[in-house]
Amino acid sequence: MGEIKGYKCSNCNYEKTYFIGVGFMNQKETKLYECIHCNAIKKSTLKNPKCSKCNRKSLNTIIDFNNKLECPKCGERKFNFEIAGTWD
């Protein structure tokens, strides 16, 4: 009852998978966010979460998964959406 969104860096080959959506027990919806200030990626069920890296409430919901994100490992903006799937 959710989606699997995975990213892979074309620079350093770092790979990260996120499980987003609603679980089978009708839990709160998990969304994927990106911080405007430090470009950190965060998964959260909160309505207005804080960035875990810079501790600011400056997160935008990631809607377009085709945009390149900043890689958490090497810092290059070459983190591409490449893995997709669903989960129950």
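**Exercise 1. The first hairpin**

Task: Determine how many bridges join β1 to β2, and in which direction the two strands run.

Solution.
- Locate the strands in this predicted model. Strand β1 covers residues 2-9 and strand β2 covers residues 15-21.
- Count the bridges between β1 and β2. There are seven, and the strands run antiparallel.
- Take one position as a check. Gly6 faces Thr17 of β2.
- Now inspect the connection. Five residues lie between β1 and β2, which form a hairpin.
- Look at the backbone in that turn. Asn13 has a positive phi of about 65°.

**Exercise 2. The three-stranded sheet**

Task: Work out the strand order of the open sheet of three strands, and name its edge strands.

Solution.
- Read the order across the sheet. It is β4-β3-β5, with antiparallel pairing.
- Find the strands that pair on one side only. These are the edge strands, β4 (41-44) and β5 (59-61).
- Add the twist. From one strand to the next, it averages 35°.
- Turn to the β3-β4 pair. Strand β3 spans residues 31-35, and four bridges join β3 to β4.
- Pick a bridge. Leu32 has Lys43 in β4 as its partner.

**Exercise 3. Salt bridges**

Task: How many salt bridges does the structure hold? For each one, decide whether its residues are buried or partly exposed.

Solution.
- Start with the count. The structure holds two salt bridges.
- Take Glu3 and Lys5. Their closest N and O atoms are 3.0 Å apart.
- Apply the cut-off: buried means under 20% relative accessible area. Lys5 has 9% relative accessibility, so Lys5 counts as buried. Glu3 has 40%, so Glu3 counts as partly exposed.
- Take Glu34 and Arg77. In this salt bridge the closest N and O atoms are 3.2 Å apart.
- Place the two residues. Glu34 is in strand β3, while Arg77 is in the loop between β5 and β6 (79-87). The pair therefore ties together parts that are 43 residues apart in sequence.
- Use the cut-off again. Glu34, at 13% relative accessibility, counts as buried. Arg77, at 40%, counts as partly exposed.

**Exercise 4. A residue in β5**

Task: Describe the surroundings of Asn60 in strand β5.

Solution.
- Begin with exposure. Asn60 has a relative accessible area of 43%, so Asn60 is partly exposed.
- List its contacts, leaving aside neighbours within four places in sequence. Asn60 is in contact with Leu32, Tyr33, Glu34 and Ile36.
- Compare sequence and space for one contact. Asn60 and Ile36 are 24 residues apart in sequence, yet their C-alpha atoms are 7.0 Å apart.
- Link back to earlier residues. Among these contacts, Leu32 has its bridge partner in β4, and Glu34 forms a salt bridge with Arg77.

**Exercise 5. The whole chain**

Task: Which pattern does the chain follow along the sequence, and why is the chain as compact as a globular protein of its length?

Solution.
- Count the elements. The chain has zero helices and six strands.
- Write the pattern: β-β-β-β-β-β.
- Test the radius of gyration. It is 13 Å, close to the 12 Å that the globule rule gives for 88 residues, so the chain is as compact as a globular protein of that length.
- Box the C-alpha atoms along the principal axes. They fill roughly 40 × 30 × 20 Å.
- Check burial. Of the 88 residues, 34% count as buried.
- Examine contacts between residues at least 6 apart in sequence. Of these, 47% join residues at least 24 apart.
- Finish with the surface. The chain exposes about 5800 Å², and carbon and sulfur atoms supply 44% of that area.

Technical notes: Residues numbered from 1 in each chain as written. Predicted model: local features only at pLDDT ≥ 70, side-chain atom pairs only at ≥ 80, totals over all residues. Heavy atoms only, no water. Pairing = 2+ DSSP bridges. Axes fitted to C-alpha atoms, helices over the stretch in contact; angles between N-to-C directions. Salt bridge = Lys/Arg side-chain N within 4 Å of Asp/Glu carboxyl O. Buried < 20%, exposed > 50% of the residue type's maximum accessible area, 1.4 Å probe, protein only. Rg over C-alpha atoms; globule rule 2.2 N^0.38 Å. Contact = heavy atoms within 4.5 Å. Areas by Shrake-Rupley, 256 points an atom, 1.4 Å probe, with all protein chains shown as cover.
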